Amino acid sequence: DFTQLVETIPPREAVTIVNTYFEAMSGAIVSHHGLVLQFIGDEIEAVFGAPVALEDHRQFAINAAMEMRKRLSQVNLQLANQGYPPLRHGIGLHTGKVVAANIGSPHRLSYAMVGETVNIASRIQELNKAYNTDILISDAVREGLNKNIDLKSIDPVAVKGIRDPLHLFSIDHKTM
């Protein structure tokens, strides 16, 4: 709902709000061995397990997502005290093979992940609105978890550009 918020407040206030959000969420990602790749509008793209492989990258990503949930509550409390409506976010987690490389031109390079895995993670993130969830994970992420987490299975869903339907799970709000 950030687009709607931006329409109702001055640009400087919007920048302050999005920077507050990015700082809190980036802190959660980095504290769980993640790497923030880029900010895209009001979105954050991050990776766990690159450029250095992490054996438990799935668990680190789940832990970061749950910490992001907690931090969003804190950000929203801060925003409410300033008279702003609460923010919502959707987190999509997937794991698989990617190519990690410096991409761009001689004028501007950025470290990025490329491949179907990245596209699937993006599609999963977008599905949070449809399912009224905040954290969705793929079956590939669920299979590699090393601790018990309360998950709710979602019927397999077809997503644009992906041949086979995805079996997704939401992380219960009781799991904190």
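The following exercises, each with a worked solution, concern a predicted model of a protein.

**Exercise 1. Overall form**

Determine how many helices and strands the protein has, and decide how compact the protein is for its length.

*Solution.*
Step 1. The secondary structure comprises 5 helices and 8 strands. Their order along the sequence is α-α-β-β-α-β-β-β-α-β-α-β-β.
Step 2. The radius of gyration is 17 Å, and the globule rule gives 16 Å for 176 residues. These values are close, so the protein is as compact as a globular protein of that length.
Step 3. The extent of the C-alpha trace along the principal axes is about 45 × 40 × 30 Å.
Step 4. Of the 176 residues, 39% are buried. The exposed surface of the protein amounts to about 10,600 Å², with 52% of it supplied by carbon and sulfur atoms.
Step 5. Among contacts with a separation of 6 or more, 55% are between residues 24 or more positions apart.

**Exercise 2. Two hairpins**

Establish in which sense β1 pairs with β2, and in which sense β4 pairs with β5. State how many residues lie between the strands of each hairpin.

*Solution.*
Step 1. Strand β1 covers residues 34-40, and strand β2 covers residues 43-48. The two run antiparallel and are joined by 6 bridges. Within this pairing, Val 36 is placed opposite Ala 46 of β2.
Step 2. A hairpin is formed by β1 and β2, with 2 residues between them. Gly 41, in the turn, has a positive phi of about 65°.
Step 3. Strand β4 spans residues 99-105 and strand β5 spans residues 108-114; 7 bridges pair them in the antiparallel sense. Here Val 99 is found opposite Val 114 of β5.
Step 4. The strands β4 and β5 also make a hairpin, and 2 residues lie between them.

**Exercise 3. A cluster of aromatic rings**

Identify the residues that ring pairs link into a cluster, and explain why Phe 22 counts as buried and why Phe 39 counts as partly exposed.

*Solution.*
Step 1. The number of aromatic pairs is 2. In one of these pairs, Tyr 21 and Phe 22 are tilted, with a centre-to-centre distance of 6.1 Å and 50° between the planes.
Step 2. Phe 22 also pairs with Phe 39; this pair is stacked, at 4.2 Å centre to centre and 25° between the planes. Phe 22 belongs to helix α2 (residues 11-31) and Phe 39 to strand β1, 17 residues apart, and the pair thus links distant parts of the chain.
Step 3. The cluster therefore consists of Tyr 21, Phe 22 and Phe 39.
Step 4. A residue is buried under 20% relative accessible area, exposed over 50%, and partly exposed in between. Phe 22 counts as buried because its relative accessibility is 8%. Phe 39 counts as partly exposed because its relative accessibility is 42%. Tyr 21 is buried, as is Phe 22.

**Exercise 4. The surroundings of Thr 95**

Locate Thr 95, decide whether this residue is buried or exposed, and name the residue whose side chain joins that of Thr 95 in a polar contact.

*Solution.*
Step 1. Thr 95 lies in the loop between β3 (91-93) and β4.
Step 2. The relative accessibility of Thr 95 is 14%, and therefore this residue counts as buried.
Step 3. The side chain of Thr 95 makes a polar contact of 2.7 Å with the side chain of His 57.
Step 4. When neighbours within four places in sequence are left aside, the contacts of Thr 95 are His 57, Arg 58, Thr 117, Ser 138, Ala 140 and Val 141.

Note on methods
Residues are numbered from 1 along each chain as its sequence is written. This is a predicted model: local features need pLDDT of at least 70, side-chain atom pairs count only at pLDDT 80 or more; totals for chains, interfaces and linings use all residues. Side-chain values use heavy atoms; hydrogens and water are left out. Two strands pair if DSSP finds at least two bridges between them. Helices (H or I, at least four residues) and strands (E, at least two) are DSSP runs, numbered from the N terminus. Rings of Phe, Tyr and Trp (its six-membered ring) pair if their centres lie within 6.5 Å; planes under 30 degrees apart count as stacked, over 60 as edge-to-face and the rest as tilted. Buried means under 20% relative accessible area, exposed over 50%, partly exposed in between (1.4 Å probe, protein chains only). The radius of gyration is taken over C-alpha atoms; the globule rule is 2.2 Å times the number of residues to the power 0.38. Contact means heavy atoms within 4.5 Å. Accessible areas come from the Shrake-Rupley method with a 1.4 Å probe; for residues, only the protein chains shown count as cover. A polar contact is a pair of N or O atoms within 3.5 Å; within protein, one must be able to donate a hydrogen and the other to accept it, and residues adjacent in sequence count only if both atoms are side-chain atoms.
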